[in-house]
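Subject: A structure for you to explore

Hi there,

Here is the structure I promised to pass on to you. Have a look around it, and then read on for my notes.

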Amino acid sequence: MSRFLLTLFSLLLHGYVGLRVMPALAGWPAAGPVLGVLLAVSALLLPLSLIGRTLRWPSARTALAWSGMLAMGLFSSLFVLTLLRDAILLSWAALAALWPGELELGGIGQATAWAVLAAAATVTILGAWNARRTAAVVRVDVPVRGLPEALHGFTIAQISDIHVGPTIRSGYLQAIVHRVNSLGADMVAVTGDLVDGSVAELAGHVAPLAALRSRHGTFFVTGNHEYYSGAQAWIAELRRLDVRVLLNEHVVLQHDGNEVVVAGVTDHGAHHFNSGHRSDPQASVLGAPIGAALKLLLAHQPRSAMAAVGLGFHLQLSGHTHGGQFWPWNLFVRLQQPFTAGLHRMRDLWIYTSRGTGYWGPPKRLGAPSEITHLRMVSA
């Protein structure tokens, strides 16, 4: 979409909110004009923030990115709540027509207009706080039938969908690394969408990843955003940081006399960007020891499980969904993915879907908190 069309689309959406809400604030002379100015600024900020990376001055890029993303978070709630308000007013008017004199619109228009503004501001502030705090640790036990005693308690620290980029920088990632290291896990899994930007722009902000510590090391699989950001360059950079990148392949860990297979596939849609990166769970486990006591698959998108079932994996670790990040977008995730968040079973395969450790787009999380997942294998 061209810059002109994007700006026009933004203006139309903001105009709808203004036309529907501002007239109801007529009893407060300053309220309407103030809201109009804020909507106009927001309408221009949204498209401008998407081109902010072309600016020469880092401080200007950062300021534009932050203001644009905050505006996007606020407006997304304003728009949805305005639609909901219109549905309520329409239903009220229909009921009033059915029972004349029993139901009057009265002050409902003004009350609901103020409710929309207050609710949008509240959820945006709460959502920003949730998004910017360091992700909490979520502890999950995964029962594995026939698990050897030596592997009972084998632990994985999973982080996913951090999206280092315009508003997530090195300090944010450093706090995540510190919390992961405090877990003392046997291995760390990074299940894609680490970055939103090029190596040239973000290498310094991803550098804290080199400080991750665990018994067997850190393993990474690509997400769709790596392919938007130059996947080959990021693969090379992560390897330089001593992160093992798994591209439809596996490694065998020796853990207290037992073999643990850790396989990883490229993103489900990677072939659209690189034909040589077509996601292939079967290829990822080719040549792996048949009698391995534990087989793990790292796959960015939960829907990779469709091709992984029946290949002998005990657990697939995924992300991608963000748990929906905030309402109402969480309602649409399940239209694309079989699982939105948490531990699920598909025949003989456990699938754990992380809600993500960062956020994408507006710094806003509500009803889907970020997480650092501490998974523990236990005997079934």
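Where does Thr134 lie? You will find Thr134 in the loop between α4 and β1. Please keep in mind as you read that this is a predicted model.

Thr134 is partly exposed: its relative accessible area is 24%, and a residue counts as buried only under 20%. Setting aside neighbours within four places in sequence, Thr134 is in contact with Ala175, Ile176 and Arg179. Asp86 is 48 residues from Thr134 along the chain, and the C-alpha atoms of the two are separated by 37 Å.

For a contrast, turn to Thr82, which has its place in helix α3. Is Thr82 buried or exposed? Its relative accessible area is 0%, so Thr82 is buried. Not counting residues up to four places away in sequence, Thr82 touches Tyr16, Val17, Arg20, Val21 and Val116.

Next, the sheets.

One open sheet is made of six strands with mixed pairing, in the order β1-β12-β2-β3-β4-β5. At its edges stand β1 (136-144) and β5 (244-245); each has a single partner strand, so one side of each is left without a neighbour in the sheet. In which sense do β1 and β12 pair? Strand β12 (residues 371-379) and β1 pair in the parallel sense, over nine bridges. To see this pairing for yourself, find Val137, which stands opposite Ile372 in β12.

Another open sheet of six strands runs in the order β6-β7-β8-β9-β11-β10, and its pairing is mixed. Here β6 (249-255) and β10 (342-346) are the edge strands, and because each has a single partner strand, one side of each is left without a neighbour in the sheet. Ignoring direction, neighbouring strands of this sheet are turned by 20° against each other on average. The pairing of β10 with β11 (residues 349-353) is antiparallel and covers five bridges. A good place to look is His344, which stands opposite Ile351 in β11.

Now for a helix. Which residues of α6 are buried? In this helix (residues 199-206), Val199, Leu202 and Val206 are buried. Seen down the axis of α6, the buried residues fall within an arc of 95°, so they line one face of the helix. It helps to know that an α-helix has 3.6 residues a turn, so residues three or four places apart point the same way. On the other side of α6, Ala200 and Gly204 are exposed. What covers the buried residues of α6? The cover includes α5 (170-181) and α8 (231-240).

Last, a pocket. The second largest pocket has a volume of about 330 Å³. It is lined by 14 residues, and the closest to its centre are Leu35, Leu38, Leu39, Leu74 and Leu78. Three helices are worth colouring here: α2 (31-50), α3 (58-98) and α4 (108-132) are the elements that give two or more residues to the lining. Which element gives the most to the lining of this pocket? That is α2, with eight residues.

If you would like a place to start, try Thr134 in its loop between α4 and β1, and then go to buried Thr82 in helix α3.

Happy exploring, and write back with any questions!

Terms used. Residues are numbered from 1 along each chain as its sequence is written. This is a predicted model: local features need pLDDT of at least 70, side-chain atom pairs count only at pLDDT 80 or more; totals for chains, interfaces and linings use all residues. Side-chain values use heavy atoms; hydrogens and water are left out. Buried means under 20% relative accessible area, exposed over 50%, partly exposed in between (1.4 Å probe, protein chains only). Helices (H or I, at least four residues) and strands (E, at least two) are DSSP runs, numbered from the N terminus. The arc is that of the directions from the helix axis to the C-beta atoms. Contact means heavy atoms within 4.5 Å. Two strands pair if DSSP finds at least two bridges between them. Axes are lines fitted to C-alpha atoms, for helices over the stretch in contact, and angles run from 0 to 180 degrees between N-to-C directions. On a 1 Å grid over the protein atoms alone, a cavity is a set of points where a 1.4 Å probe fits but cannot get out, and a pocket is an open set with protein on both sides within 12 Å along at least five of seven lines; lining residues have an atom within 4 Å of a point. Grid points are joined across faces, edges and corners, and a volume is the space filled by probe spheres set on the points.
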